[in-house]
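Student: I should like to request a close look at a single part of this model, followed by an account of the architecture around it. Please keep the discussion to what the coordinates support.

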Amino acid sequence: MRRVVITGVGLLTAAGTSVEEFWGNCLAGNSGIDHITLFDAAKYTSQIAGEVKQFDPEKELDPKLVSRTGRFCQFALVTAGKALEDAGFGGLQPLPEELQRRTAVIVGSGIGGMDVFEEQHRRLLERGPQRVSPFFVPMMIADMAAGMVAIETQAMGPNYCLVTACASSAHNIGAACREIQLGRADMAITGGTEAVIVPTAVGGFCSAKALSRRN
């Protein structure tokens, strides 16, 4: 099978939003775990999480793109752009035409747009079904991160999302590697994205006693 190498890296994490910052915090033992600020968690048994702090999608992406994507998709788009820039492709933009049909986009997410689901469900209850956004479903589904990255880069190779809970990112990276090994793609944009620090998701994990209570 063909050899596979990593040519570019991009990330947005609680421990850093650049490779240098993230790796420095890893070496220093700084996890980035802190008190939740995205909503009032005072009544929750677990009140800490790994938030991506000071993330303003409109500073990173076109406002029209922001308006029709969920937070997990925004993370994927920004980090894909960083990885492509690191690999010498100039960021989140159409790939060279000769590469488009041979580039896979395989991006995992365990849950997808939980924040979008909460917001739209609130609209349904408070304002009725006519006020639910026509973008609700495409903003929420887990494979939309891979889809949006493919649209922005015009990558037309294999495009999908494997959902395997906490193993989703690693599983999708492995799948992307296999696409190249087997000759179905020459290049892949791959990784994982998640944005589940929302009341319902944290409440569910707290009820399952799956989160630390060392607040």
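Student: Where in the chain is the place of Gly10?

Tutor: Gly10 is found in the segment before helix α1, the helix that covers residues 19-28. The model is a predicted one, and what follows should be read accordingly. With a relative accessibility of 26%, Gly10 falls above the 20% limit for buried residues and below the 50% limit for exposed ones, so it is classed as partly exposed. Setting aside residues up to four places away in sequence, Gly10 touches Thr79, Lys82 and Ala83. A second position sets a distance scale: from Gly10 to Leu125 there are 115 residues in sequence, and the C-alpha atoms of the two are 38 Å apart in space.

The three contacts of Gly10 have numbers that fall within α4, which runs over residues 71-86. Helix α4 also leads into the interior, since it gives eight residues to the largest nonpolar core, the largest share from any element. That core has 27 residues in total, and the members that touch the most others are Val105 and Val149. Besides α4, the elements α3 (63-67), β3, α8 and β5 each supply at least two of its residues. Val105 merits a list of its own: beyond four places in sequence, it is in contact with Ala146, Val149, Ala150, Ala155, Pro158, Asn159, Tyr160 and Ile189. A second core, separate from this one, holds seven residues, among them Ile36, Phe39, Ala41 and Ile197.

The sheet comes next. Strands β4, β3 and β5 form an open sheet in the order β4-β3-β5, and their pairing is parallel. Strands β4 (159-160) and β5 (187-192) each have a single partner, so they stand at the edges and one side of each lacks a neighbour in the sheet. Strand β3, residues 103-108, runs parallel to β5 and is joined to it by six bridges. One of the residue pairs involved is Val107 with Gly191, the latter being the bridge partner in β5. In general terms, the strands of a sheet pair through backbone hydrogen bonds, in either a parallel or an antiparallel manner.

Across β3, β4 and β5 lies helix α8, residues 144-153, which runs at about 150° to β3. Eight of the 10 residues of α8 are buried, so the rest of the structure largely encloses this helix. The buried positions are Met144, Ala145, Ala146, Gly147, Met148, Val149, Ala150 and Thr153. Three of these names, Ala146, Val149 and Ala150, also appear among the contacts of Val105. Just after α8, the backbone at Gln154 adopts a positive phi of about 60°.

Two further residues have positive phi values. Ala165, which is not a glycine, has a phi near 50°; its place is in the loop between β4 and α9, the latter spanning 168-181. Its relative accessibility is 54%, so Ala165 counts as exposed by the 50% limit. Lys209, likewise not a glycine, has a positive phi of about 55° and lies in the segment after α10 (199-207). Lys209 is also exposed, with a relative accessible area of 63%.

A polar side chain offers another view of burial. Gln120 belongs to helix α6, residues 114-127. Its relative accessible area is 5%, so Gln120 counts as buried under the 20% limit. Apart from neighbours within four places in sequence, Gln120 is in contact with Arg131, Val132, Ser133 and Phe136.

Finally, the protein as a whole. It contains 10 helices and five strands. Its radius of gyration is 18 Å, close to the 17 Å that the globule rule gives for 215 residues, so the protein is as compact as a globular protein of that length. The C-alpha trace spans about 55 × 50 × 30 Å along the principal axes. Buried residues account for 39% of the 215 residues. Of the contacts between residues at least 6 apart in sequence, 66% join residues at least 24 apart. The protein exposes about 12,100 Å², and 54% of that area is supplied by carbon and sulfur atoms.

How values were computed. Residues numbered from 1 in each chain as written. Predicted model: local features only at pLDDT ≥ 70, side-chain atom pairs only at ≥ 80, totals over all residues. Heavy atoms only, no water. Pairing = 2+ DSSP bridges. Helix = DSSP H or I, 4+ residues; strand = E, 2+ residues; numbered from the N terminus. Contact = heavy atoms within 4.5 Å. Axes fitted to C-alpha atoms, helices over the stretch in contact; angles between N-to-C directions. Core = buried A, V, L, I, M, F, W, Y, C linked by side-chain atoms within 4.5 Å. Buried < 20%, exposed > 50% of the residue type's maximum accessible area, 1.4 Å probe, protein only. Rg over C-alpha atoms; globule rule 2.2 N^0.38 Å. Areas by Shrake-Rupley, 256 points an atom, 1.4 Å probe, with all protein chains shown as cover.
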